[in-house]
Amino acid sequence: MKDGRDDQDNNVGGTGPGTGAVTKTRPKTKRPSLYKVLLLNDDYTPMEFVVHILEHIFNKNREDAVEIMLHVHRHGVGVCGVFTFEVAETKVTQVIEFARRHEHPLQCTMEKE
Ligand code: TYC
């Protein structure tokens with residue numbers, strides 16, 4: 001595929017000894033699919049609890065955490081980060097488990113970008 005990644009398109013740079021034959025093959029560098037992790041609004045989870053999750057699970061600073069929390073509060077849903085599948089899945093599980101442990105109904109989900 002002519003997508004401009006390295007020398008994979010033109011098969012140059014790796015030639016057989018002496019012959020000048022072009023032998024370089026394409027390294028496997030497929031980029032992984034990315035997934036948005038979404039936080040859902042509810043009427044019961046305290047705002048400070050959501051900010052704590054954004055700071056500690058999604059590594060947001062306080063300012064960004066408050067902004068994302070308020071976006072979710074006002075619009076019903078918001079993106080807290082974009083990750084590869086396994087990382088996104090882990091974050092979703094961490095949020096739901098932490099919320100459950102504190103008896104808050106907070107929900108979190110993921111969707112392919
Ligand atoms: N709506 C909640 C409240 O008023 C706050 C909240 C924000 C809850 C974001 C969940 O994902 C959420 N206490």
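Q: What is the relative accessibility of E48?
A: This is a predicted model, in which local features need pLDDT of at least 70, side-chain atom pairs count only at pLDDT 80 or more, and totals for chains, interfaces and linings use all residues. Residues are numbered from 1 along each chain as its sequence is written, and side-chain values use heavy atoms, without hydrogens and water. E48 counts as partly exposed (between buried, under 20% relative accessible area, and exposed, over 50%; 1.4 Å probe, protein chains only). Its relative accessibility is 46%.

Q: Which residue meets E48 in a salt bridge at 2.6 Å, N to O?
A: A salt bridge here is a side-chain nitrogen of Lys or Arg within 4 Å of a carboxyl oxygen of Asp or Glu. For E48, the 2.6 Å partner is R62.

Q: How many residues apart in sequence are the parts that E48 and R62 tie together?
A: The two side chains form a salt bridge. E48 belongs to helix α1 (residues 47–56) and R62 to helix α2 (residues 62–75); helices are DSSP runs of H or I, at least four residues, and strands are runs of E, at least two, numbered from the N terminus. The pair therefore joins parts whose separation in sequence is 14 residues.

Q: Which residues form a network of salt bridges with R62?
A: R62 is partly exposed, at 40% relative accessible area. Its side chain also meets that of E55, 3.2 Å from N to O. The network links R62 with E48 and E55.

Q: What separates E97 and R100 along helix α3?
A: Their side chains meet in a salt bridge at 3.8 Å, N to O. E97 is partly exposed at 43%, whereas R100 is exposed at 56%. Both lie in helix α3 (residues 85–101), and because they are 3 residues apart, the separation is about one helical turn.

Q: Which element supplies the largest share of the shell around the ligand?
A: The residues around the ligand, each with a heavy atom within 4 Å of it, include L39, N41, D42, M69 and H73. β1 (34–40), α1 and α2 each give at least two residues of this shell. The largest share, 3 residues, comes from α2.

Q: How much of the ligand's area does the protein bury?
A: Nitrogen atoms of the ligand lie 2.8 Å from a side-chain N or O atom of N41, 2.7 Å from a polar backbone atom of D42 and 2.9 Å from a polar side-chain atom of H73. Taken alone, the ligand exposes 340 Å² (Shrake-Rupley method, 1.4 Å probe). The protein buries 89%.

Technical notes: A polar contact is a pair of N or O atoms within 3.5 Å; within protein, one must be able to donate a hydrogen and the other to accept it, and residues adjacent in sequence count only if both atoms are side-chain atoms.
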